[in-house]
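Here is a report on ligand surroundings, backbone outliers, aromatic pairs and one pocket. Please read it alongside the sequence and the coordinates.

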Amino acid sequence: MATINVVNVAKKHTFSWYEKFYFYSIGKGLGITMKHFLKAAFLKGVVTVEYPEVKKQYSSRFRGMHSMKRDEQGRERCTACFCCMWICPANAIQIDASEVTPERQHLHPEDKYAKRFEIDLLRCIFCGLCEEACPKGAIYLDGGGEMAADNRQDLILTKERMMEKKGGAILGQRN
Ligand code: SF4
Ligand code: SF4
């Protein structure tokens with residue numbers, strides 16, 4: 001029967017005398033830090049920005065906080081059809097629908113509207129399915145990405161916070 005000889009080819013690393021004292025590694029690390037510090041302090045074109053004074057433009061594909069849209073006549077596009085709520089995999093959307101009364105008819109295109117429309121940002125996974133499922137083009141994830149808060153309530157997006165003002169700007173979101 002043939003025998004196989006296994007040869008251990010892994011070389012043992014031997015440390016030089018200066019590596020054993022760590023000063024070399026510490027100095028090397030400090031050198032890299034200083035290089036980046038000086039570059040950021042004196043050279044133009046570095047990749048960082050002075051946030052929050054300076055803000056970078058989001059990509060058009062960025063999915064941020066939700067906003068709700070109005071139609072050309074300034075009416076709320078949402079007709080409380082529940083498609084977004086049913087498709088949401090995180091169960092983050094809560095809607096209470098209500099019938100449109102005669103005095104509200106100029107505000108809504110159909111006979112039903114969302115009296116309460118809330119999105120829990122602590123549950124939302126920003127998958128964008130609500131935007132895709134909406135048959136009315138009423139909800140978009142184009143509301144920016146700055147959503148830090150120090151209490152849970154600030155992370156519930158209400159309809160009033162999401163609703164587009166007549167003319168385009170979004171109400172209530174922190175910029
Ligand atoms: S983005 Fe996804 S997880 Fe968030 S509310 Fe819409 S469907 Fe739900
Ligand atoms: S946002 Fe769109 S999908 Fe959701 S309830 Fe309103 S109309 Fe329906």
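The report below covers a predicted model.

**Ligand surroundings**

Ligand 1 has 13 residues around it. Those that come nearest are Cys 88, Cys 124, Cys 127, Gly 128 and Cys 130. By class, this shell holds 11 nonpolar and 2 polar residues, and no charged ones.

Ligand 2 is surrounded by 14 residues. The closest are Cys 78, Cys 81, Phe 82, Cys 84 and Cys 134. Here the shell splits into 12 nonpolar, 1 polar and 1 charged.

**Thr 79**

Where does Thr 79 sit? Thr 79 is in the loop that runs between strand S1 (67–68) and helix H3 (83–87). Its relative accessibility is 6%, so Thr 79 counts as buried. Leaving aside residues up to four places away in sequence, Thr 79 touches Pro 109, Glu 110, Lys 112, Tyr 113 and Lys 136.

**Backbone outliers**

Most peptide bonds are trans, and most residues other than glycine have a negative phi. Three sites in this model deserve a look against that background.

The bond between Tyr 51 and Pro 52 is cis, with omega about 5°. Pro 52 belongs to the loop between helix H2 (23–42) and S1.

Asn 91 is not a glycine, but its phi is positive, near 55°. Asn 91 lies in the loop between H3 and strand S2 (93–99). Is Asn 91 buried, partly exposed or exposed? With a relative accessible area of 45%, Asn 91 is partly exposed.

Phe 126 also has a positive phi, about 55°, and is not a glycine. Its place is the loop between strand S3 (112–120) and helix H4 (129–133). Phe 126 counts as buried because its relative accessibility is 19%, and the cut-off for buried is under 20%.

**Aromatic pairs**

A pair of aromatic rings is described by the distance of the centres and the angle of the planes. How many aromatic pairs are there? The count comes to 2.

Tyr 58 and Phe 62 form a stacked pair. Their rings are 4.3 Å apart, centre to centre, with 10° between the planes. The angle falls under 30 degrees, so the pair counts as stacked. Phe 82 and Trp 86 form a tilted pair, at 5.7 Å centre to centre and 35° between the planes.

The table gives the accessibility of the ring residues.

| Residue | Relative accessible area | Class |
|---|---|---|
| Tyr 58 | 43% | partly exposed |
| Phe 62 | 35% | partly exposed |
| Phe 82 | 18% | buried |
| Trp 86 | 65% | exposed |

In the stacked pair, Tyr 58 is partly exposed, and so is Phe 62. In the tilted pair, Phe 82 is buried, whereas Trp 86 is exposed. Phe 82 is also among the closest residues to ligand 2.

**Second largest pocket**

Rolling a probe the size of a water molecule over the atoms shows where empty space is left. What is the volume of the second largest pocket? The second largest pocket has a volume of about 200 Å³. Its lining consists of 16 residues. Nearest its centre lie Ser 60, Arg 61, Phe 62, Arg 63 and Leu 141. The lining divides into 5 nonpolar, 6 polar and 5 charged residues. Phe 62 thus has two roles in this report: it lines the second largest pocket, and it stacks with Tyr 58.

Methods:
Residues numbered from 1 in each chain as written. Chains lettered and ligands numbered in written order. Predicted model: local features only at pLDDT ≥ 70, side-chain atom pairs only at ≥ 80, totals over all residues. Heavy atoms only, no water. Near = heavy atom within 4 Å. Nonpolar A, V, L, I, M, F, W, Y, C, P; charged D, E, K, R; others polar. Helix = DSSP H or I, 4+ residues; strand = E, 2+ residues; numbered from the N terminus. Buried < 20%, exposed > 50% of the residue type's maximum accessible area, 1.4 Å probe, protein only. Contact = heavy atoms within 4.5 Å. Phe/Tyr/Trp six-rings, centres within 6.5 Å; stacked < 30°, edge-to-face > 60°. 1 Å grid on protein atoms, 1.4 Å probe; cavity = no way out; pocket = protein on both sides within 12 Å on 5 of 7 lines; lining within 4 Å. Points joined across faces, edges and corners; volume = space filled by probe spheres on them.
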